[in-house]
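Please look over the sequence and the three-dimensional structure shown here before reading on. The report that follows starts from one residue and then widens to the chain as a whole.

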Amino acid sequence: MNGEYVSKLNPFATIWCVIENIFLAATAEGLFCSMRIPLNKEHDIVKKKMKVPPTYMIPAFIGIGYANPEEVQLEQYNPDIEKQIRFGRWK
């Protein structure tokens, strides 16, 4: 890969690191988080409703709050690690 093109991705990498840190901090405080990447016209509609300056871009919508205690909990998938990790071989 050309280093010039990889460097153009640095702002996005920074954004994702910041979002991850926000999620970690919120979780440490007992809060729950969600994220949505705006698609198509959604970005512009939300910007207009929130009166965001035209030169700003919203890369993601982040929701933070307390979970509904009555919400159904999904069963956690526990993979068989021994079948997924390989040392010195492909399969």
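Lys-47 lies in helix 3, which covers residues 42-50; helices (H or I, at least four residues) and strands (E, at least two) are DSSP runs, numbered from the N terminus. This is a predicted model, in which local features need pLDDT of at least 70 and side-chain atom pairs count only at pLDDT 80 or more, while totals for chains, interfaces and linings use all residues. Residues are numbered from 1 along each chain as its sequence is written, and side-chain values use heavy atoms, with hydrogens and water left out.

What is the nearest side chain of opposite charge to Lys-47? It is Asp-44, 5.3 Å away, and Lys-47 is buried yet has no salt bridge. Here buried means under 20% relative accessible area, exposed means over 50%, and partly exposed is in between (1.4 Å probe, protein chains only). A salt bridge is a side-chain nitrogen of Lys or Arg within 4 Å of a carboxyl oxygen of Asp or Glu; for charge, Lys and Arg count as positive and Asp and Glu as negative, whereas His and the chain ends are not counted. The side chain of Lys-47 does reach the backbone oxygen of Pro-54, at 3.1 Å. When residues up to four places away in sequence are not counted, Lys-47 touches Val-52, Pro-53, Pro-54, Tyr-56 and Ile-58, where contact means heavy atoms within 4.5 Å.

His-43 is also found in helix 3, and, with neighbours within four places in sequence left aside, His-43 is in contact with Pro-38, Met-57 and Ile-58.

A search of the whole structure finds 1 salt bridge, and Arg-36 forms a salt bridge with Glu-42, the closest N and O atoms being 2.8 Å apart. The table sets out the accessibility of three residues.

| Residue | Relative accessibility | Class |
|---|---|---|
| His-43 | 13% | buried |
| Arg-36 | 45% | partly exposed |
| Glu-42 | 22% | partly exposed |

Turning to the whole protein, there are 4 helices and 2 strands, and from the N terminus on the elements run α-α-β-α-β-α. The radius of gyration is 19 Å, well over the 12 Å that the globule rule gives for 91 residues, so the protein is more spread out than a compact globule; this radius is taken over C-alpha atoms, and the rule is 2.2 Å times the number of residues to the power 0.38. Along its principal axes the C-alpha trace spans about 55 × 50 × 25 Å, and buried residues make up 10% of the 91 residues.

Definitions and conventions. A polar contact is a pair of N or O atoms within 3.5 Å; within protein, one must be able to donate a hydrogen and the other to accept it, and residues adjacent in sequence count only if both atoms are side-chain atoms.
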